[in-house]
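This briefing sets out selected features of the structure shown below. The points are grouped by topic for use at the bench.

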Amino acid sequence: MTLKLGVIGTGAIGQEHIRRCNNVLQGAKVVAVSDINTDGARAALQRLNIDAQVYQDGHEVINSPEVDAVLVTSWDPTHEEFTLAAIAAGKPVFCEKPLALSAEGCRRIVDAEIKHGKRLVQVGFMRPYDAGYRALKKVITDGEIGEPLMLHCAHRNQSVGENYTTDMAITNTLIHELDVLRWLTEDDYKSVQVVFPRTTSKSHAKLKDPQIVLFETQKGIRIDVEIFVNCAYGYDIQCEVVGEEGIAKLPEPSAIQTRKNARLGNALLTDWKDRFIDAYDVELQAFINDVKAGELTGPSAWDGFAASVAADACLKAQNSGGIEPVDMPSRPDFYAR
Ligand code: NAP
């Protein structure tokens, strides 16, 4: 049976997901979409050569009898509303990160899902599906480098627009690290501090860039994450785990090496879509397969909530300059790993 998908939001990642669901993945097709800009949605479908019903309102997508499961790829502030509506309709929903704008918003989704009695939500945290991160995790869980003691990480973008602000470095960018580092270490955060080095001249008045976020986990692991979103040279994700017996590092994406003009060169990526293109394919195929099998296993609403609790503490730490606690409640049995 082909799973019929409805997609809310046909911007950059919405179009990417529509393309992959119809042209790359198995067992699903997009039958309905919505966007606040319906002309834009129609144009996107035409470009992708895909025939689907276009609605203006995401609720029409969710409630359409033609739609079996929903992808929420609209603006961050709409995620909570559409995810709650999908749960109310009893439909599985893949919601792009962040699950909601605050931990309270994520908690409302967690509570609604628990009340429903069965997992319906997968959050669009794709890094646990990335082959490099999976290989890194295997090295750790196989005990090859002993117990992890420290992690040194970096999230660098070439540049961002004028509407990207200091807090978005946490809510929009660091949110991926907040999820994947919990998954990698199988640990929760205990406290966080944010420090600001000298700001790059390539930034603007509303953005302090770069930032360094320093965590202590419940097990005592120390993690530093550099977020530098106007780094100028490329899109670069780094993660190095220092263990008791050795060090393991996230592999670089494969790239052609050139020798020219007395220089040795490796091309770097510049676009997030390219860096994680395979991981997006794998995460959405997993969602499709899990929906058909009747049991979701990917990043859960609880993972979305946990990332959001940590993000809220990071925002506090940005403003206070001090060390802020990350008050994470214990995991309900409903979300047992
Ligand atoms: P985008 O290009 O701005 O797309 C968002 C789309 O949603 C736009 O077409 C926007 O319409 C539309 N929209 C806004 N409100 C809506 C509503 N009430 N109903 C239906 N559509 C609505 O942004 P994007 O880069 O695709 O990001 C979309 C979401 O995906 C964000 O939450 C972002 O955090 C997430 N994301 C995740 C990843 C990842 O790595 N997992 C990567 C990129 C983005 P208008 O443009 O006409 O206003």
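In this predicted model, Asn49 lies in the loop that links helix 2 (38-48) to strand 3 (53-55). Its phi is near 60°, a positive value in a residue other than glycine. Most residues other than glycine have a negative phi, and most peptide bonds are trans. Two cis peptide bonds, the ligand site and the annotated domains are described in turn below.

**Cis peptide bonds**

- Lys97 and Pro98 are joined by a cis peptide bond with omega of about -10°.
- Pro98 belongs to the loop between strand 5 (93-96) and helix 5 (103-116).
- A cis peptide bond also runs from Asp209 to Pro210, where omega is near 5°.
- Pro210 is part of the loop that connects strand 8 (189-195) with strand 9 (211-217).

**Surroundings of the ligand**

- The ligand occupies the space of the largest pocket.
- There are 23 residues around the ligand, and Asp35, Asp76, His79, Glu96 and Tyr280 come nearest.
- By residue class, the shell consists of 9 nonpolar, 10 polar and 4 charged residues.
- At least two residues of this shell come from helix 1 (12-23), and at least two from helix 4 (79-88).

**Backbone contacts and cover of the ligand**

- A polar backbone atom of Ile36 is 3.4 Å from a nitrogen atom of the ligand.
- For Gly124, a backbone N or O atom lies 3.3 Å from a nitrogen atom of the ligand.
- In the case of Ser74, a backbone N or O atom is 3.3 Å from an oxygen atom of the ligand.
- On its own the ligand has 910 Å² of accessible area, of which the protein covers 78%.

**Annotated domains**

- An unreviewed UniProt entry annotates residues 4-125 as "domain: Gfo/Idh/MocA-like oxidoreductase N-terminal".
- Within residues 4-125, helix accounts for 43% and strand for 22%, and the end C-alpha atoms of the span are 22 Å apart.
- The UniProt annotation for residues 137-326, also from an unreviewed entry, reads "domain: Gfo/Idh/MocA-like oxidoreductase C-terminal".
- Residues 137-326 are 34% helix and 27% strand, with 24 Å between the end C-alpha atoms.

Conventions
Residues numbered from 1 in each chain as written. Predicted model: local features only at pLDDT ≥ 70, side-chain atom pairs only at ≥ 80, totals over all residues. Heavy atoms only, no water. Near = heavy atom within 4 Å. Polar contact = N/O pair within 3.5 Å; in protein donor to acceptor, adjacent residues only side chain to side chain. Areas by Shrake-Rupley, 256 points an atom, 1.4 Å probe, with all protein chains shown as cover. 1 Å grid on protein atoms, 1.4 Å probe; cavity = no way out; pocket = protein on both sides within 12 Å on 5 of 7 lines; lining within 4 Å. Sits in = over half its atoms within 2 Å of the grid points. Helix = DSSP H or I, 4+ residues; strand = E, 2+ residues; numbered from the N terminus. Nonpolar A, V, L, I, M, F, W, Y, C, P; charged D, E, K, R; others polar. UniProt positions renumbered as here; feature names shortened; annotations may be inferred.
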